[in-house]
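Trainee: I am new to this structure and would like a close look at one part of it. Could you walk me through how the charged and aromatic side chains come together around a single helix, and then show me what else is linked in a similar way?

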Amino acid sequence: MKKEQLIDEVVELEWTQFQNVHNEGGRASCQDDKETFLIMRKSQFLAWKEDVTESYLEDLKDAWKAGWNLLTEKYARMMESTAPEQYETFREILPKRSKERIALQEELIRQIITWAEEFSARYPNLGGTGRKIHTSEDTPWDTSQETYLRGEISTYSDRTMERYAAMIREMEKNGENLTEKIVGFMTAFYGYHSLEEAEEKNG
């Protein structure tokens, strides 16, 4: 399967699951904005290695077959920070993660948040258009990059987590920045020819 086809399959399955996420306050406006959803999610997976994306696609398929929604799980996990009282209603039904798994997740989160901070310092206009960076900045209406990331990677299978960790460590070793890669793809979808052009026009 070509990478583009693989990503299309992942994102369409995510969109299907996203449509089945039920919010306490009713349907969220972002659930009616498929174009933005596709751009955001495709930009992420274009920055990933193909083997990580393949493994995550299997996670999505396995969950769906089992009657489990990984997107619901992701947003439920975010609520541990953004809506603690509501999170308590989900705590017991969410898949348990070992201490070793949580330690690995936090190691990767620290690296990715460092990249986000470096990106925001280099491209302050672009950095300022998205989510806040840190969990300490969460509100019930505004979820940070850190909390979103923690919610998402907590849904990955151990197989996907192993491949994801290898990718992040390789990128760090090679001096790459995942945030910069993702935003680079995102701005290209919106018609910019470079991050520098996008930064200037979003000033």
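Mentor: Happy to. Let us begin with a term: a salt bridge here is a side-chain nitrogen of Lys or Arg within 4 Å of a carboxyl oxygen of Asp or Glu. Keep in mind that the model is predicted. Across the whole structure, a search finds 18 salt bridges.

Helix H4, which covers residues 70-82, is a good place to look. Lys74 forms a salt bridge with Glu152, and their closest N and O atoms are 3.2 Å apart. Because Lys74 lies in helix H4 and Glu152 in helix H8, the pair ties together parts that are 78 residues apart in sequence. Which is it for these two residues, buried or exposed? Lys74 is buried, with a relative accessible area of 2%, and Glu152 is buried as well, at 3%. The cut-off for that word is under 20% relative accessible area. This bridge also belongs to a wider set: salt bridges with shared partners join Glu14, Arg41, Lys74 and Glu152 into one network.

Now move along the helix to Tyr75. Tyr75 and Tyr148 form an edge-to-face aromatic pair, with 6.4 Å from centre to centre and 80 degrees between the planes. Tyr75 sits in helix H4 and Tyr148 in helix H8 (residues 145-153), so this pair, too, links distant parts of the chain, 73 residues apart. Tyr75 counts as partly exposed, at 25% relative accessibility, whereas Tyr148 is buried, with a relative accessible area of 15%. Ring pairs also link these two tyrosines with Trp15, Phe18 and Phe37 into a cluster.

Some of the residues you have just met turn up again where helix H4 packs against another helix. Helix H1 (residues 3-19) and H4 pack at an angle of about 65 degrees, and their axes are 7 Å apart. On the H1 side, Glu14, Gln17 and Phe18 meet Leu70, Leu71 and Tyr75 of H4. By type, the residues of this contact divide into 4 nonpolar, 1 polar and 1 charged. Glu14 is thus named both in this contact and in the salt-bridge network, while Phe18 and Tyr75 are named both in the contact and in the ring cluster.

For what else is linked in a similar way, take the aromatic rings. The structure holds 13 aromatic pairs. One of them is formed by Trp48 and Tyr164, edge-to-face, at 5.5 Å centre to centre and 65 degrees between the planes. Trp48 lies in the loop between helix H2 (34-47) and helix H3 (50-65), and Tyr164 in helix H9 (residues 158-173), so the pair ties together parts that are 116 residues apart in sequence. Both Trp48 and Tyr164 are buried.

Helix H9 also takes part in a salt bridge. The side chains of Arg169 and Glu107 meet at 3.0 Å, N to O. Arg169 is in helix H9 and Glu107 in helix H6 (residues 99-122), 62 residues apart. Arg169 is partly exposed, with a relative accessible area of 43%, and Glu107 is partly exposed at 32%.

Finally, here is a salt bridge within one helix. Lys201 pairs with Glu197, the closest N and O atoms being 3.0 Å apart. Both lie in helix H11 (residues 195-201), 4 residues apart, about one turn of the helix. Lys201 is exposed, with a relative accessible area of 56%, whereas Glu197 is buried, at 18%.

Technical notes
Residues are numbered from 1 along each chain as its sequence is written. This is a predicted model: local features need pLDDT of at least 70, side-chain atom pairs count only at pLDDT 80 or more; totals for chains, interfaces and linings use all residues. Side-chain values use heavy atoms; hydrogens and water are left out. Rings of Phe, Tyr and Trp (its six-membered ring) pair if their centres lie within 6.5 Å; planes under 30 degrees apart count as stacked, over 60 as edge-to-face and the rest as tilted. Helices (H or I, at least four residues) and strands (E, at least two) are DSSP runs, numbered from the N terminus. Buried means under 20% relative accessible area, exposed over 50%, partly exposed in between (1.4 Å probe, protein chains only). Axes are lines fitted to C-alpha atoms, for helices over the stretch in contact, and angles run from 0 to 180 degrees between N-to-C directions. Contact means heavy atoms within 4.5 Å. Ala, Val, Leu, Ile, Met, Phe, Trp, Tyr, Cys and Pro count as nonpolar, Asp, Glu, Lys and Arg as charged, and the others, Gly among them, as polar.
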